[in-house]
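This report describes one protein chain, from its overall build to its interior and a part of its surface. Please look at the sequence and the structure before reading on.

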Amino acid sequence: MTYDQFTEPGRTSLSGTAVSFAEKPSLSDWTELLIPKDSQTEVIARYDHPYWNEYAAVTHHTYGKGSAAYIGCYFDSASLESVLNVLMERFEITVPKEHFPLIRKEGRNQNETAITYFFNYSSDSMDYTVPYDGTELIGNSPVCKQDTIRLKPWEFHILKQASGHFTANE
């Protein structure tokens with residue numbers, strides 16, 4: 001894609017068939033009026049504006065074994081999350097359902113056993129779903145896949161999978 005011009009958004013918003021927004025996106029600071037290079041460039045979102053609606057705001061294009069996306073504007077975080085979820089699907093990246101202030105990190109220990117960390121970075125209690133059968137290491141208590149466990153404010157848990165098989169983002 002190329003861009004035609006760089007401008008202030010004014011009262012412009014976004015619309016699109018590839019992405020659905022819970023509320024009308026709020027743009028601020030800057031916008032680039034994007035022109036898709038060819039029919040293989042997917043327009044994720046367009047400007048909802050009487051004169052700029054022919055321009056793309058967010059594009060995605062595959063090329064060879066890869067792909068790229070371009071976000072040509074600055075908008076609110078809830079709308080950005082909606083756009084990023086669509087783009088992660090296009091990039092074939094699995095996004096964990098947990099997000100800030102509940103953070104999930106995964107890895108393997110020296111024995112190749114799956115270890116999952118859940119961090120609650122808030123002053124409110126948060127719930128998470130156990131990804132596998134195993135043990136919560138701090139309390140040395142057993143956990144079962146699909147159990148819902150509550151983290152107290154600013155608390156963290158470390159889970160160790162019973163079977164030792166790493167299955168990221170279950």
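How many helices and strands does the secondary structure of the protein chain come to? In this predicted model, the chain has one helix and 14 strands.

The overall values for the protein chain are listed here.

| Property | Value |
|---|---|
| Radius of gyration | 21 Å |
| Box filled by the C-alpha atoms, along the principal axes | roughly 60 × 40 × 20 Å |
| Residues that count as buried | 34% of 170 residues |
| Accessible surface | about 10,500 Å² |

For a compact globule of 170 residues, the radius of gyration would be near 15 Å, whereas this chain has 21 Å. Carbon and sulfur atoms hold 49% of the accessible surface. Among contacts with a separation of 6 or more, 52% join residues that are 24 or more positions apart.

Next comes the interior. The largest nonpolar core contains 17 residues, and those with the most contacts inside it are Leu-14, Val-19, Tyr-47, Val-58, Cys-73 and Val-83. Two or more residues of this core come from each of β3 (27-35), β4 (42-48), β5 (56-63), β7 (73-75) and α1 (77-90). A second core, separate from this one, has 10 residues, including Phe-118, Val-130, Val-143 and Ile-149.

Nonpolar residues also occur on the surface. Phe-100, Tyr-121 and Trp-154 form a patch there, and together they have about 400 Å² of accessible area. Tyr-121 is in the loop that runs between β9 (114-120) and β10 (126-129). Why does Tyr-121 count as partly exposed? Its relative accessibility is 39%, and the partly exposed class lies between the buried limit of under 20% and the exposed limit of over 50%.

Definitions and conventions
Residues numbered from 1 in each chain as written. Predicted model: local features only at pLDDT ≥ 70, side-chain atom pairs only at ≥ 80, totals over all residues. Heavy atoms only, no water. Patch = residues over 30% accessible without salt bridge, like charges linked within 9 Å, V, L, I, M, F, W, Y side chains within 5 Å. Areas by Shrake-Rupley, 256 points an atom, 1.4 Å probe, with all protein chains shown as cover. Salt bridge = Lys/Arg side-chain N within 4 Å of Asp/Glu carboxyl O. Helix = DSSP H or I, 4+ residues; strand = E, 2+ residues; numbered from the N terminus. Buried < 20%, exposed > 50% of the residue type's maximum accessible area, 1.4 Å probe, protein only. Core = buried A, V, L, I, M, F, W, Y, C linked by side-chain atoms within 4.5 Å. Rg over C-alpha atoms; globule rule 2.2 N^0.38 Å. Contact = heavy atoms within 4.5 Å.
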